[in-house]
Amino acid sequence: MRGMTTTARLAACLGLVLAGIGGAQAESGGFFKNLFGGGGSGDGGGGGGNLMAPKAFDPNDVYCPNVFVPDGGAAIQAFAGAAGDNARLRHQIVFSRLSRECRARGDGSVSVRVGVEVRAMLGPAGAPGRFEAPVTVAIKYNEQPVMSRPHRVAIPIPAGTAQGEGTVIENDLVVPADKAWGYDIEVSLGAPKAKSVARRRKPAAEAVQSEAPVPGQ
């Protein structure tokens, strides 16, 4: 992008980002494998698992669904004026990478860890600084919440750059034994919304997903 002004570069980058949302492919391992550390595998790379309960306790035989993002929870945008005008966009925050690992426990319950990486990008009307993104990580079963944990992710964008990243890891999610097969892992950006009529779930295609090993296996 040599020869372009700073505003033109930001506008061009924004166009690429907006065009690319939804195009990322799931991956195995990667960033969150290193983040979670070495060890054994989660669900063996299958992601969805089979809905028949295991005959005997096996820490590797565990249902571990892909993370999904609900409608309206995939991005946060801030405008200098009326929303929807990309020329007035200050910044946008989206999911960059998502990861989960699941470990069966002796009592039939499942311990779930979720890693989330978010990316903040400046728009044409934005300026470098420190941004915060509210991220909610939840376990649901039949569209009903089982556990929900809110987080605030700090994302610095240093002077001279147009984007930054922040990470949060939720280590303390437990799925009860009676819900250990068929539950959902959900992450969303923004303030938690009031309960509404159940909507069709949308896979988190806008973020790279990976499976991380459980340490110590």
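**Exercise 1. Which residue does a disulfide join to Cys64 in this predicted model, and what is the S to S distance?**

Solution. The model is predicted, and the search for a disulfide asks for a pair of cysteine sulfur atoms within 2.5 Å. Cys64 and Cys102 meet this cut-off, with an S to S distance of 2.0 Å, and the count by this rule comes to 1 disulfide. The next step is the geometry of the link, which is right-handed, with 70 degrees about the S-S bond. Cys64 lies in the loop between helix H2 (31–36) and strand S1 (67–68), whereas Cys102 belongs to strand S3 (residues 89–104), so the disulfide ties together parts that are 38 residues apart in sequence. Both Cys64 and Cys102 are buried.

**Exercise 2. Determine whether Arg113 is buried or exposed, and find the side chains that it contacts.**

Solution. Begin with the location of Arg113, which is found in strand S4 (residues 110–122). Its relative accessible area is 19%, and because buried means under 20%, Arg113 is classed as buried. Turning to polar contacts, the side chain of Arg113 is joined to the side chain of Glu101 by a contact of 2.9 Å, and a further contact, of 2.7 Å, joins the side chains of Arg113 and Asn171.

**Exercise 3. Work out the strand order of the open sheet that contains S1, and identify the strands at its edges.**

Solution. The open sheet has 4 strands in the order S1-S8-S5-S6, and its pairing is mixed. S1 and strand S6 (144–157) stand at the edges with a single partner strand each, so one side of each is left without a neighbour in the sheet.

The pairings can now be followed along this order. S1 and strand S8 (residues 184–189) run parallel and are joined by 2 bridges, with Val67 standing opposite Ile185 in S8. Between S8 and S5 the direction is antiparallel, with 6 bridges, and here Ala138 has Glu186 in S8 as its bridge partner. Strand S5 (residues 129–141) is in turn joined to S6 by 13 bridges, again in an antiparallel arrangement, and within S6 it is Arg152 that stands opposite Pro134.

**Exercise 4. Which residue takes a positive phi in the hairpin of S5 and S6?**

Solution. The hairpin of S5 and S6 has 2 residues between the strands, and Asn142 takes a positive phi near 55 degrees in this hairpin. The two strands that the hairpin connects are the antiparallel pair with 13 bridges.

Conventions
Residues numbered from 1 in each chain as written. Predicted model: local features only at pLDDT ≥ 70, side-chain atom pairs only at ≥ 80, totals over all residues. Heavy atoms only, no water. Buried < 20%, exposed > 50% of the residue type's maximum accessible area, 1.4 Å probe, protein only. Polar contact = N/O pair within 3.5 Å; in protein donor to acceptor, adjacent residues only side chain to side chain. Pairing = 2+ DSSP bridges.
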